[in-house]
Structures are given as structure tokens and as C-alpha cells.
Amino acid sequence: MKNKGLFSLFLPGRHNYYRARLLHLPVLAMMVFVFLLFHTSFSLLALSHPAVLGYSSEITPAKIIELTNKEREKNGLSLLKNNSLLNEAARRKAADMFAFDYWAHESPTGRKPWDFFKEVHYDYVYAGENLARDFYRSEAVVAAWMASPTHRENILNGKYQEIGVAVVDGVLNGVETTLVVQLFGTPVGAKMGTQSKDELGEIVSEKEQEVKAPAVFKSSLSESDKMKGEKNKKPRLNPLSLLKTLAIFILGMLMGALIGDGLVVRKKRWARLSGDNFAHISFLLFVMTVVWLVKSGTII
């Protein structure tokens, strides 16, 4: 059989100097170059055209709230009610992080999460905050929070009654990203708790105070406008998923070449002075597993 064309990429023979062409050094160098070129192109495109590449194509506040309530339901807890004031407080927190270029619960200016509650006139007895960035799907965000003890404690805290979520795109530390801010609260009128804890990730309750009706806060966008905007939001490509797919494709081709090369060499009983194909296959399989397990996103 003449190993020409496509076969020569995976099977050794006279036309490829008795080694699968994919295993030749120039071809390997070209594949590495192509991968690095794609990686650089995605990075430049994400910075220059953020509407094309990003992380938020499948994340919505409604989905985050739905998944959060599913976790609470599994654990026999009451469902959290969506509160428009908490939604606005979450949006303001995300805007503050972009404006002052920080990724933390407390702003460099000294503003704490609870300051945003007060800005929108949400008087609380208990309050909490979860943050996430760089995720692609809502399910991944909630799964990451549930895997963290402090974030899980917030989600499964039976003293919380209401929730607010904001999903905002912007540039943080020079990188186009998506921030997810999840706020929990129980209004003062619920009359729950009087001890104060001022540590993030734990229950925060104020000292006993006079119950006041919260002032009416008007958002710049109506709820119908926000829902309309979410529906019209165009899906965007996820750079991490694309790069993972490309990496696995390249590694898979190399594994195929090693397997084909090894089988032919064994069948023909050709003598080889080069390395063991089985060791190379094992290494590539390990690399593929690592690439597959790599996930985007950070939570605090």
C-alpha cells in the first residue's frame, strides 16, 4: 500500500521516510505555531471586539437565581424572592469594581458590600455577598459557589429571604470579562437577629434599630427593558472553549499518528532507534485529560 496523501500523516512508509508525517519535527513545529497563532488571535480579538468573544453568553441573573433556589430546595430551604433593590445594589457593586479596577469584596476606596445595600435604601437584618468572574455558563458559576464552603453557606443560609443578581460585562485589570454579583438579604421588617458579624462570607446582621420603610428607588431601566435586553443579547463565542477544542483536536491527531505508526512498525518489524510510542501516547493522554479538566472562572 502506498502511504500517500492523508495516510502518510498517520502511517509510516517510504514516502514519509518510514515515520508518520505528523511526527516529523517540522510538522510538529507548525502545529505548535498554529495553536499559538490562534491563542494570540483570540486574545487580540477579545480586546478589540469584546462583542464577539466573551464569557457571558449563557449567564443571566434569572438563571443564577433559578439554580440557587434549586440548591436551596434540595436542602429543604425556602426559596429566595427576587428583589429589585438587591438587583440594583448588585449592579452598582459590579460597576464599582470596573470603575476602580479591583476584584475583591471591599473597594480600594473603603466601600464595603453593605454600602451598596444602603445606597438603594435596602434596610437589612441579614446580608451576604458572592462574587464570580470569567465563567461561561450559569451552571458553572453556581457549581463553583457550591463547592466552596463559605459561598455554599451563603446559598444555603436559612435566614436569607431575598436575592439580587447582576451580570455585567466590562474590562477589569485590562481584560474583557464578566462579573457576577449575587447578594442575599433579609429586610429589617422580618425582625430576625440582633448580633452583628462583620466578616464577609458569613451572616451579617445589624444591631437592633427602628424599623423604617425603605425609600422608593427608581432604576434607570424598567424591568421590561432589562428583560428585553437579555432576550436580544447576542450569543458570543467562548475563547477558552475554542482553545480547548483546538488543543484536544491537535493532541488527538498526534495520538492517532503515534498509534498508527506504532502498529505498522510492529507489523513490519522495523528497527527503531527513537523513543517508545507507548510512552508518548501515555504522556499525550495525560495532557489531554489536563486540558479537558481546565475550567474558567474565579470566585471570592
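This passage describes the overall make-up of a predicted model, followed by its nonpolar cores, two of its helices, its salt bridges and a short strand.

The chain contains ten helices and five strands. Of its 300 residues, 40% count as buried. The accessible surface amounts to about 17,000 Å², and carbon and sulfur atoms account for 62% of that area. Contacts that span long stretches of sequence are well represented: when pairs at least 6 residues apart are considered, 74% of the contacts join residues at least 24 apart.

A good place to begin is the interior. In soluble globular proteins, nonpolar side chains tend to be buried together. In this model the largest nonpolar core has 22 residues, and the members touching the most other members are Ile-59, Ile-64, Val-141, Trp-145, Val-165 and Val-180. Two or more residues of this core come from each of helix H3, strand S2 (124-133), helix H6 (138-147), strand S3 (162-172) and strand S4 (175-187). The greatest contribution is that of H6, which supplies four residues. Ile-59 offers a closer view of the surroundings: leaving aside residues up to four places away in sequence, Ile-59 touches Ile-64, Phe-135, Tyr-136, Arg-137, Ser-138, Val-141, Val-167 and Val-180. A second core, separate from the one just described, comprises 21 residues, including Leu-85, Ala-89, Val-120 and Leu-172.

Helix H3, which contributes to the largest core, covers residues 61-74. Its 14 residues reach 20 Å from the first C-alpha to the last, close to the 20 Å expected at 1.5 Å a residue. The buried residues of H3 are Pro-61, Ile-64, Ile-65, Leu-67, Thr-68, Asn-69, Glu-71 and Arg-72, a list that mixes nonpolar names with charged ones such as Glu-71 and Arg-72. Within this helix, Lys-74 and Glu-71 form a salt bridge, with an N to O distance of 3.6 Å. The two residues are three apart in H3, so about one helical turn separates them. Their exposure is contrasting: Lys-74 has 65% relative accessibility and counts as exposed, whereas Glu-71 has a relative accessible area of 17% and is buried. After H3 comes Gly-76, which has a positive phi near 70°.

Helix H4 (residues 84-99) shows a similar agreement with the expected span, its 16 residues reaching 22 Å from first to last C-alpha, close to the expected 22 Å. Asn-83 caps the N-terminal end of H4, placing a side-chain oxygen 2.8 Å from the backbone nitrogen of Leu-85. Leu-85 is itself one of the buried residues of H4, and it is also a member of the second core. The other buried positions in this helix are Leu-86, Asn-87, Glu-88, Ala-89, Ala-90, Lys-93, Ala-94, Asp-96, Met-97 and Phe-98. Just past the helix, Asp-101 adopts a positive phi of about 55°.

Charged pairs deserve their own look, as the structure holds eleven salt bridges. In H4, Arg-91 is paired with Glu-88, and the closest N and O atoms are 2.5 Å apart. As in the pair from H3, these partners are three residues apart, about one turn of the helix. Arg-91 is partly exposed, with a relative accessible area of 36%, while Glu-88 is buried at 3% relative accessibility. The pair also belongs to a wider arrangement, a network of salt bridges that links Glu-88, Arg-91, Arg-92, Asp-96, Arg-111 and Glu-119. Elsewhere in the chain, Arg-133 forms a salt bridge with Asp-134, the closest N and O atoms being 3.3 Å apart. Both Arg-133 and Asp-134 are buried.

Strand S1 completes the account. This strand consists of residues 81-82, with Lys-81 among them. Lys-81 counts as exposed, at 61% relative accessibility. Residues up to four places away in sequence aside, Lys-81 touches Gln-161, Glu-162 and Ile-163. Lys-81 can also be placed relative to helix H3: Ile-65, one of the buried residues of that helix, is 16 residues from Lys-81 in sequence and 8.8 Å away in space, C-alpha to C-alpha.

Notes. Residues are numbered from 1 along each chain as its sequence is written. This is a predicted model: local features need pLDDT of at least 70, side-chain atom pairs count only at pLDDT 80 or more; totals for chains, interfaces and linings use all residues. Side-chain values use heavy atoms; hydrogens and water are left out. The expected span of a helix is 1.5 Å times one less than its number of residues. Buried means under 20% relative accessible area, exposed over 50%, partly exposed in between (1.4 Å probe, protein chains only). A polar contact is a pair of N or O atoms within 3.5 Å; within protein, one must be able to donate a hydrogen and the other to accept it, and residues adjacent in sequence count only if both atoms are side-chain atoms. A salt bridge is a side-chain nitrogen of Lys or Arg within 4 Å of a carboxyl oxygen of Asp or Glu. Contact means heavy atoms within 4.5 Å. Accessible areas come from the Shrake-Rupley method with a 1.4 Å probe; for residues, only the protein chains shown count as cover. A nonpolar core is a set of buried Ala, Val, Leu, Ile, Met, Phe, Trp, Tyr and Cys residues joined through side-chain atoms within 4.5 Å.
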